[in-house]
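Open the model in your viewer, switch to a cartoon view and keep the selection box handy. We will walk through it stop by stop.

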Amino acid sequence: DTLDPKSLTCSDYSRALNEAVRLTAGKDLLEIGCGTGSFLQFAREKGWKVSGVDSSPENIEKVNQAGIEGTCSDYVSFSSGRQFDVIVLWDLIEHPQDPVSFLGKSRELLKKDGLLLIATPHDPNLLTFLAGTLYRLSGGKVKFAVKQLYVIEHTSYFSSETLKSLLEGNRFR
């Protein structure tokens, strides 16, 4: 529930918000899949007006207890009545059965020159390559590494090229 200021995650969040300030006119931010709100609290401390959406009532209860606007909803059904300068999908785009619907909803909720920030595991990478090689060399007997890297909750995996193609195909630049 708390963010270590010395962590790589904290550094990544700072870098993302600094870029967002440079690229957008406003500071109205929506996080999809906000969990218990650690990023939202971080962004609020940096001067952002923050809101979150999560499908877990327990998570949204914690977000609201922190004084942050949180809505319990699946993203595609979410309705806010307003648009946002920035929408963040931290480690989320790999989860839905239909990532195109998530992008369509994001387009709907973003202001004209809004910014969509996405973090997702890069695939392939060195670890997935090594795990796959070990699996193949063992004739499928060594599965542990592959099972650790490819989780059932991830329905899609993206390389830089496939994510770019998905975004461009959905009218993002």
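Select strand 2 (49-54) and strand 3 (69-72) to begin this tour of a predicted model. The two strands pair in the parallel sense, joined over four bridges. Zoom in on Gly52 and you will find Gly70 of strand 3 standing opposite. Now add helix 3 (57-65) to the selection. Helix 3 packs on the sheet, where it touches both strand 2 and strand 3. Compare directions while you are here: that of helix 3 makes about 165° with that of strand 3.

Next, widen the view to the whole sheet. In what order do its five strands lie? Reading across, the order is 3-2-1-4-5, in an open sheet with parallel pairing. Strand 3 and strand 5 (110-119) stand at the edges with a single partner strand each, so one side of each has no neighbour in the sheet. On average, neighbouring strands here are turned by 20° against each other, direction ignored.

Move on to strand 4 (84-90). How many of its seven residues are buried? Seven of the seven are, so strand 4 is largely enclosed by the rest of the structure. Show its partners on either side, strand 1 and strand 5. Strand 1 pairs with strand 4 in the parallel sense over three bridges, and Leu30 stands opposite Ile87 of strand 4. Strand 5 also runs parallel to strand 4, with six bridges joining them; look there for Leu89 opposite Ile118.

Keep Ile87 and Leu89 displayed and pick Ser106, which lies in helix 4 (residues 99-109). Is Ser106 buried or exposed? Its relative accessibility is 0%, so Ser106 counts as buried. Leaving aside neighbours within four places in sequence, the contacts of Ser106 are Tyr75, Ile87, Leu89, Leu116 and Phe172. With Tyr75 there is a polar contact of 2.8 Å between the side chains.

Now go to helix 2 (residues 38-45) and show Phe39, Leu40, Phe42 and Ala43, which are buried. Look down the axis of helix 2: these buried residues fall within an arc of 160°, so they line one face of the helix. That fits the general pattern of an α-helix, in which residues three or four places apart point the same way because there are 3.6 residues a turn. What do the buried residues of helix 2 pack against? Their partners are helix 1 (8-23), strand 1 (28-32), strand 2, helix 3 and strand 4. Just after helix 2, click on Gly47, which takes a positive phi of about 95°.

From Phe42, step across to Pro5, in the segment before helix 1. Pro5 and Phe42 are 37 residues apart along the chain, yet their C-alpha atoms are separated by 9.6 Å. At a relative accessible area of 65%, Pro5 is exposed.

For the last stop, select the cysteines Cys10, Cys34 and Cys72. How many disulfides does a search of the whole structure find? Zero. Cys10 is in no disulfide, and its nearest cysteine sulfur, that of Cys34, is 18 Å away. For Cys34, the closest cysteine sulfur is in Cys72 at 9.4 Å, too far for a bond. Check the surroundings too: Cys10 counts as buried at 8% relative accessibility, and Cys34 counts as buried at 6%.

Definitions and conventions: Residues numbered from 1 in each chain as written. Predicted model: local features only at pLDDT ≥ 70, side-chain atom pairs only at ≥ 80, totals over all residues. Heavy atoms only, no water. Buried < 20%, exposed > 50% of the residue type's maximum accessible area, 1.4 Å probe, protein only. Arc of directions from axis to C-beta. Contact = heavy atoms within 4.5 Å. Polar contact = N/O pair within 3.5 Å; in protein donor to acceptor, adjacent residues only side chain to side chain. Disulfide = S-S within 2.5 Å. Pairing = 2+ DSSP bridges. Axes fitted to C-alpha atoms, helices over the stretch in contact; angles between N-to-C directions.
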